[in-house]
Amino acid sequence: MNGLEISPFIQSLPKVELHVHIEGTLTPALRWRLAKKNNVPLKYATYDELLDSYKVTYNHRKEVNGDDGRPTFLEVYFAGCQVLCDEDDFYELGMAYFEKCRAMNVRYAEPFFDTQAHTERGIPAEVVMNGYLRAQRDGARIHGVHSTWIFCFLRDRPFEDGMKAYEAALQYATVNNGKGLFHAVGLASNEFDKPPLLFEEAFLRARDDGLHITMHCDVDQKDAADHVHEAIFQVCTGRGTERIDHGLNAVDRPELIQGLLDRNIPLTLCPHAYHRRQKTEVLFSKIQKLLEAGVKVSINSDDPTLMHDVWIDGALQKTQTYCALSKSDMVQLCRNAVEMSWAPKDIKAGILNELDAIDSP
Ligand SMILES: [Zn+2]
């Protein structure tokens with residue numbers, strides 16, 4: 001946390017998390033335990049060695065920055081997935097996240113999940129989603145943390161594979177009398193040469209099915225600003241996406257900021273994820289620029305256990321400190337997250353009431 005401590009004020013804020021990958025919340029302790037349980041070999045002889053592996057700074061992108069021998073973020077991410085094998089494992093992963101949410105005063109979340117990373121290892125999609133579905137119910141019942149999830153297409157896998165995964169997942173959606181796990185689709189994994197428009201057909205299908213649409217536009221990726229342009233102006237037959245995950249490169253071109261404003265497309269930002277690679281004054285001045293322009297943003301965590309264990313509360317603290325925001329600005333950022341969410345009306349109203357009651361001079 002770069003020497004920052006989370007203040008009691010940040011801790012007390014009722015929060016909504018809109019950008020978190022469930023596998024990116026897998027703690028080293030749970031990974032270690034599930035590896036033993038499922039006889040999945042790890043590269044690390046001891047738990048301390050496993051812990052040390054989280055301290056390295058991953059190579060951001062081999063495709064863009066060259067291979068310097070360090071693992072990339074996604075290599076580490078998919079390596080972590082290997083220990084998730086049966087329904088209880090996926091349930092435990094979800095429940096561990098909701099328990100953490102409760103401790104951070106996260107009231108509602110829209111976690112990203114995918115089935116492709118697991119079916120390609122021979123795990124049936126139903127095993128994954130039945131585990132998450134149980135966690136969704138018990139997370140609300142036991143921890144008071146409500147959630148509706150977001151099904152992600154892995155954009156670096158063949159489009160047809162993603163569509164097959166979607167077809168298989170649809171019975172778990174909130175639409176068509178489905179089981180109620182997810183209410184939106186998104187794009188995840190490696191964005192290199194995988195622009196949003198490659199998945200146009202999938203977005204149209206999901207929209208016809210009654211689901212919401214969001215998509216990652218990764219930061220400083222090759223063609224990053226062009227991808228933001230596609231997401232705002234071109235996808236969904238030119239209507240644009242409903243939300244963009246990251247999208248920080250909108251600051252690179254005035255027409256992108258204007259497009260976000262005109263079309264009322266908000267960004268789910270993950271400041272700590274970018275802070276790993278950008279200087280404080282450079283990064284937070286970009287976020288300030290978006291705020292001053294009136295772009296609606298929320299503050300999120302992304303993949304906290306793979307990003308120095310900085311969670312949504314840490315990301316909010318960094319934003320307040322480095323953007324020099326007031327308490328009422330922070331309440332507004334939390335309000336943005338509620339408004340940007342696709343939560344049921346009663347849940348939104350409850351969190352907004354809590355935020356209204358905060359005394360924030
Ligand atoms: Zn993400």
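These notebook entries record what I looked up in a predicted model.

**Entry 1. The annotated span**

I began with the record. UniProt lists residues 14-357 as "domain: Adenosine deaminase", in an unreviewed entry. I then took the span itself: residues 14-357 are 49% helix and 12% strand. The end C-alpha atoms of this span lie 11 Å apart.

**Entry 2. Glu17**

I looked up Glu17 and found it in strand β1, residues 15-17. Is Glu17 buried or exposed? I count 28 other C-beta atoms within 10 Å of Glu17, and the residue is therefore buried, the threshold being 20 or more. Setting aside neighbours within four places in sequence, I listed the contacts of Glu17 as Val106, Ala109, Asn300, Ser301 and Ile312. I also took one distance from Glu17, to Asn38, which is 21 residues away along the chain. The C-alpha atoms of Glu17 and Asn38 are separated by 30 Å.

**Entry 3. Helix α15 and Ala324**

Ile312, noted above as a contact of Glu17, led me to helix α15, residues 312-322. How many of the 11 residues of α15 are buried? I find 9, so the helix is largely enclosed by the rest of the structure. I recorded the buried residues as Ile312, Asp313, Gly314, Ala315, Leu316, Gln317, Lys318, Thr319 and Gln320.

Just after α15 I stopped at Ala324, where phi is positive at about 50°. I noted the value since most residues other than glycine have a negative phi. Ala324 lies in the loop between α15 and α16. Here I count 10 other C-beta atoms within 10 Å, and Ala324 is therefore exposed, the limit being 12 or fewer.

**Entry 4. Ser189**

I looked up a further positive phi outside glycine, that of Ser189, which is near 75°. Ser189 is found in the loop between β6 (182-188) and α10 (200-208). With 21 other C-beta atoms within 10 Å, Ser189 is buried. I set this beside Ala324, which is exposed.

**Entry 5. Helices α16 and α17**

I turned next to helix packing, which is described by the angle between the axes and the distance between them. Helix α16 covers residues 327-340 and helix α17 residues 345-356. Their axes are 10 Å apart, and the angle is about 175°. An angle over 145 degrees counts as roughly antiparallel, and α16 and α17 therefore fall in that class. I found the contact to be made by Val331, Cys334, Arg335 and Val338 of α16, together with Lys348, Ile351, Leu352 and Leu355 of α17. By class, these residues are 6 nonpolar, no polar and 2 charged. I noted the spacing of the residues in view of the helix repeat: with 3.6 residues a turn, residues three or four places apart point the same way.

**Entry 6. Helices α6 and α8**

I then examined helix α6, residues 87-103, against helix α8, residues 125-143. The two axes come within 7 Å and cross at roughly 30°. Angles under 35 degrees count as roughly parallel, and α6 and α8 are therefore so described. The crossing of α6 and α8 is right-handed. From α6, I listed Glu87, Asp88, Asp89, Phe90, Tyr91, Gly94, Met95, Phe98, Glu99, Cys101 and Arg102 as making the contact. From α8, I listed Val127, Val128, Asn130, Gly131, Tyr132, Arg134, Ala135, Gln136, Asp138, Gly139 and His143. The contact of α6 with α8 comprises 9 nonpolar, 6 polar and 7 charged residues.

**Entry 7. Gln82**

I went back to the loop between α5 (73-81) and α6, where Gln82 lies. I count 17 other C-beta atoms within 10 Å of Gln82, which makes the residue partly exposed. Beyond neighbours within four places in sequence, Gln82 is in contact with Val40 and Arg121. Gln82 and Val40 are 42 residues apart along the chain, and their C-alpha atoms are separated by 7.3 Å.

**Entry 8. Arg61**

Last, I looked up Arg61, in the loop between α3 (47-53) and α4 (62-65). Arg61 is partly exposed, with 19 other C-beta atoms within 10 Å. Which residues does Arg61 touch, not counting residues up to four places away in sequence? I found Thr72 and Phe192. I also took the separation of Arg61 and Gln221, 160 residues apart along the chain: their C-alpha atoms lie 8.5 Å from each other.

Technical notes
Residues are numbered from 1 along each chain as its sequence is written. This is a predicted model: local features need pLDDT of at least 70, side-chain atom pairs count only at pLDDT 80 or more; totals for chains, interfaces and linings use all residues. Helices (H or I, at least four residues) and strands (E, at least two) are DSSP runs, numbered from the N terminus. Two residues are in contact if their C-beta atoms, placed from the backbone, lie within 7 Å. Axes are lines fitted to C-alpha atoms, for helices over the stretch in contact, and angles run from 0 to 180 degrees between N-to-C directions. Angles under 35 degrees count as roughly parallel, over 145 as roughly antiparallel, 65 to 115 as roughly perpendicular and the rest as oblique. A crossing is left-handed if the near helix is turned anticlockwise from the far one by less than a right angle, and right-handed if clockwise. Ala, Val, Leu, Ile, Met, Phe, Trp, Tyr, Cys and Pro count as nonpolar, Asp, Glu, Lys and Arg as charged, and the others, Gly among them, as polar. UniProt positions are given in the numbering used here, feature names are shortened, and annotations may be inferred rather than shown by experiment.
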